[in-house]
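This briefing covers two topics, cysteine pairing and backbone phi angles. Please read the notes below alongside the sequence and the structure.

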Amino acid sequence: MRYKCIGIAECCKLVVAVTFEDIVHWKEKGRNDIIARLKWFNHPQLGWILVIPKRADAQCIFLTGAKRCSIYKDRPKACGDFPESNLDFECCAVKDIKPQDRQHEQELKNERILGISQIQAQEHMVNSWIMEAILKVTK
């Protein structure tokens with residue numbers, strides 16, 4: 001199921017949990033600029049997870065003034081699958097969803113939770129990748 005974004009960027013205020021696959025993708029693409037900015041967040045249901053940080057106005061740090069994603073081609077899977085994959089939110093794009101689409105939505109949520117748990121299991125390695133990325137970005 002696909003949704004048409006109406007460009008109000010309300011979804012960019014959400015907690016965007018990063019998966020292990022996201023980090024591996026960024027590492028392979030040399031996107032240390034993204035990895036270096038990730039933050040740990042204590043999610044009420046999931047515990048400590050890696051997230052894309054927010055600015056003071058609660059928007060994603062990668063959102064431009066024109067309400068566009070500055071990392072669109074390399075955005076996290078959660079953003080690419082939104083709104084179906086989101087753990088906390090139903091946005092303006094979600095209206096009259098059919099039961100079969102709700103099942104697909106739940107499958108995507110389960111896939112995201114698995115990706116998040118992989119980060120938790122590989123926390124030491126992920127933290128070393130973050131430190132490596134920070135060092136490369138600050139050189």
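A residue counts as buried when its relative accessible area is under 20%, as exposed when that area is over 50%, and as partly exposed in between. With that cut-off, lysine 67 is partly exposed because its relative accessibility is 41%. The model discussed here is predicted.

**Cysteines**

- A disulfide is a covalent bond between the sulfur atoms of two cysteines.
- A search through the whole structure returns 0 disulfides, where the criterion for such a pair is that the two cysteine sulfur atoms lie within 2.5 Å.
- For cysteine 11, the closest cysteine sulfur belongs to cysteine 12 and lies 4.2 Å away, which is too far for a bond.
- Cysteine 60 likewise takes part in no disulfide, since the nearest cysteine sulfur, that of cysteine 12, is 6.0 Å away.
- As to accessibility, cysteine 11 is partly exposed, with a relative accessible area of 27%, whereas cysteine 60 is buried, with a value of 13%.

**Positive phi angles**

- Most residues other than glycine have a negative phi.
- Alanine 58, which is not a glycine, nevertheless has a positive phi near 75°; this residue is found in the loop between β2 (47–51) and α3 (77–81), and its relative accessibility of 34% makes it partly exposed.
- Lysine 67 also has a positive phi, of about 60°, although it is not a glycine, and lysine 67 is located in the loop between β2 and α3.

Terms used:
Residues are numbered from 1 along each chain as its sequence is written. This is a predicted model: local features need pLDDT of at least 70, side-chain atom pairs count only at pLDDT 80 or more; totals for chains, interfaces and linings use all residues. Side-chain values use heavy atoms; hydrogens and water are left out. Buried means under 20% relative accessible area, exposed over 50%, partly exposed in between (1.4 Å probe, protein chains only). Helices (H or I, at least four residues) and strands (E, at least two) are DSSP runs, numbered from the N terminus.
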